[in-house]
Amino acid sequence: MSALRFATHYTIRARFYSTASSSRMAAVTTENAAKATTAPALSAAALHASGPLRNDWSRQEIQAIYDSPFMDLMFYGAKVHRENFNAREVQQCTLLSIKTGGCTEDCKYCPQSSRYDTAVKAQKMLDTGEVLDAAQRAKEAGSTRFCMGAAWRDLAGRKSNFNKILSYVKAIRGMGMEVCCTLGMLNETQAKQLKEAGLTAYNHNLDTSREFYPKIISTRSYDERLSTIGHAQDAGISVCSGGIIGLGEQEEDRVGLLHTLSTLPKHPESVPVNALLAVPGTPLENQEYPCLRWSA
């Protein structure tokens with residue numbers, strides 16, 4: 001029923017079936033008018049749901065949006081999404097770990113680190129047949145993007161493996177799919193090579209706020225992560241960058257992460273929000289899952 005039809009329908013019913021006296025109706029009208037004049041101010045989520053794209057957000061503005069009523073966050077988040085994307089479309093993607101375990105980094109949440117005794121053991125990089133067969137199966141299952149992940153800090157000393165990955169990117173793009181990679185840190189040259197091979201997107205998470213980050217990782221700096229994001233974007237590759245909640249951070253750290261992402265020279269294409277899976281053998285194995293309130 002349209003808004004006009006509903007209003008007309010309601011008015012007719014009120015006119016012919018209401019038993020309220022004129023004085024009672026006047027009292028109700030006065031009461032509603034009084035409520036309207038004392039209505040609460042719009043939330044920050046409502047105030048910022050429209051307007052030009054910005055990269056100059058203040059931390060206070062992000063905090064205000066984060067503190068908005070949950071239902072406002074849901075409503076205005078959906079509103080912004082519908083104004084910019086097809087609300088009835090979801091892209092199906094498939095992720096394949098092409099190099100599992102044996103990572104030299106000390107990310108406290110990660111079972112792939114060689115520093116921790118977990119059930120994940122180091123494996124060699126998958127061969128060409130395994131990777132391309134997996135990509136073909138993903139396409140047949142309806143995926144339009146295929147992502148390849150490798151558990152290592154960076155590509156230094158991995159020239160032959162990197163060349164293989166470049167060939168994988170070319171071959172999978174030849175299947176008519178988008179291709180995403182997450183391979184650790186990139187330098188400017190490597191980012192350009194991936195772009196030339198046809199890479200669509202690069203995943204490189206910031207994990208948490210700059211302030212809390214040293215409590216989780218010591219083998220890679222926050223600025224090194226930002227540099228990799230910059231190299232990928234400068235090469236013309238879309239970036240997927242987000243974080244993990246439940247690491248022991250405070251709400252101000254979630255706001256800090258959102259502030260960093262929202263003030264990048266170019267916003268990430270997507271912002272994955274992951275919840276910690278506490279894995280036995282990692283330093284965060286006993287981390288309790290908190291009650292979360294998150295907005296992005």
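**Note on serine 241 and the parallel sheet**

1. Serine 241 lies in the loop between strand 5 and strand 6 (243-245). The model discussed here is a predicted one.

2. Is serine 241 buried or exposed? Its relative accessible area is 0%, and a residue counts as buried under 20%, so serine 241 is buried.

3. The surroundings of serine 241 include residues from elsewhere in the sequence. Leaving aside residues up to four places away in sequence, serine 241 touches His204, Asn205, Leu206, Ile229, Leu261, Pro268, Ser270, Val271 and Pro272. With asparagine 205, the C-alpha to C-alpha distance is 4.4 Å, although the two residues are 36 apart in sequence. The side chain of serine 241 also reaches the backbone oxygen of histidine 204, at 2.8 Å.

4. Strand 5 belongs to an open sheet of five strands, arranged in the order 1-2-3-4-5 with parallel pairing. The edges are taken by strand 1 (93-99) and strand 5 (238-240); each has a single partner strand, so one side of each lacks a neighbour in the sheet. On average, neighbouring strands of this sheet are turned by 25° against each other, direction ignored.

5. Within the sheet, which residue of strand 4 stands opposite cysteine 180? That position is held by alanine 201. Strand 3 (residues 178-182) and strand 4 (residues 201-203) are joined in the parallel sense over two bridges.

6. A helix also packs on this sheet's strands: helix 6 (residues 128-140) lies across strand 1 and strand 2 (145-150). The helix runs at about 145° to strand 2.

Key:
Residues are numbered from 1 along each chain as its sequence is written. This is a predicted model: local features need pLDDT of at least 70, side-chain atom pairs count only at pLDDT 80 or more; totals for chains, interfaces and linings use all residues. Side-chain values use heavy atoms; hydrogens and water are left out. Two strands pair if DSSP finds at least two bridges between them. Helices (H or I, at least four residues) and strands (E, at least two) are DSSP runs, numbered from the N terminus. Axes are lines fitted to C-alpha atoms, for helices over the stretch in contact, and angles run from 0 to 180 degrees between N-to-C directions. Contact means heavy atoms within 4.5 Å. Buried means under 20% relative accessible area, exposed over 50%, partly exposed in between (1.4 Å probe, protein chains only). A polar contact is a pair of N or O atoms within 3.5 Å; within protein, one must be able to donate a hydrogen and the other to accept it, and residues adjacent in sequence count only if both atoms are side-chain atoms.
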